[in-house]
Amino acid sequence: MYSISFEIVGEARYTFLHNNYQLFLSKAYCALDKEYRINTIVKKIELLDSEKLDQLIKLIEDFLHES
C-alpha cells in the first residue's frame, strides 16, 4: 500500500514508518523534467523549416519502426 506520512511543525519535520514521500517526490520530479524537456523540443520543432522538419520526422519514424 502506498502512503505518505509527513508532518512539519514549526522548523521540525517528522516522518513516519512506511513513508513513501521521497519515492513519490522523486517520481514527480522525473515526470516534471520529462514534461519540460518535451515542451522545449516542441517549441524548437515549431521553428524548423519544412526541409529540416521532414528530416526530423523521417528520423523519428525510422527510430520508432526499429523498436
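Asp49 caps the N-terminal end of helix α2, with a side-chain oxygen 3.2 Å from the backbone nitrogen of Glu51. Polar contacts are taken here as pairs of N or O atoms within 3.5 Å; within protein, one atom must be able to donate a hydrogen and the other to accept it, and residues adjacent in sequence count only if both atoms are side-chain atoms. The model is a predicted one, in which local features need pLDDT of at least 70 and side-chain atom pairs count only at pLDDT 80 or more, while totals for chains, interfaces and linings use all residues. Residues are numbered from 1 along each chain as its sequence is written, and side-chain values use heavy atoms, with hydrogens and water left out.

The capped helix, α2, has 17 residues and reaches 25 Å from its first C-alpha to its last, close to the 24 Å expected at 1.5 Å a residue (the expected span being 1.5 Å times one less than the number of residues). Within α2, which covers residues 50-66, lies Phe63. Phe63 counts as exposed because its relative accessibility is 55%; the classes are buried for under 20% relative accessible area, exposed for over 50%, and partly exposed in between (1.4 Å probe, protein chains only). Together with Ile60 and Leu64, Phe63 forms a nonpolar surface patch with about 320 Å² of accessible area. Patches consist of residues with over 30% relative accessible area and no salt bridge, where like charges are joined within 9 Å and nonpolar side chains (Val, Leu, Ile, Met, Phe, Trp, Tyr) within 5 Å.

Helix α2 also carries a charged pair: Asp62 forms a salt bridge with Lys58, the closest N and O atoms being 2.9 Å apart. A salt bridge is defined as a side-chain nitrogen of Lys or Arg within 4 Å of a carboxyl oxygen of Asp or Glu. Because Asp62 and Lys58 are four residues apart in helix α2, about one helical turn separates them. Both partners can be placed on the accessibility scale: Asp62 is partly exposed at 33%, and Lys58 is partly exposed at 46%.

The structure holds two salt bridges, and another pairing is found in helix α1. There, the side chains of Arg37 and Asp33 meet in a salt bridge, with an N to O distance of 3.7 Å. Arg37 and Asp33 are four residues apart in α1 (residues 21-46), about one turn of the helix. Arg37 counts as partly exposed at 49% relative accessibility, and Asp33, with a relative accessible area of 38%, is partly exposed.

Helix α1 also includes Gln22, which is exposed, with a relative accessible area of 56%. Gln22 and Ile4 are 18 residues apart in sequence and 8.8 Å apart in space, C-alpha to C-alpha. A further pair is Ser5 and Asn20, 15 residues apart in sequence, with their C-alpha atoms 7.6 Å apart in space. Ser5 is found in the segment before β1 (6-9) and counts as partly exposed at 24% relative accessibility.

For the protein as a whole, the elements comprise two helices and two strands, and their pattern along the sequence is β-β-α-α. Helices (H or I, at least four residues) and strands (E, at least two) are DSSP runs numbered from the N terminus. Of the 67 residues, 1% count as buried. The accessible surface comes to about 6600 Å², of which 60% belongs to carbon and sulfur atoms; accessible areas come from the Shrake-Rupley method with a 1.4 Å probe, and for residues, only the protein chains shown count as cover.
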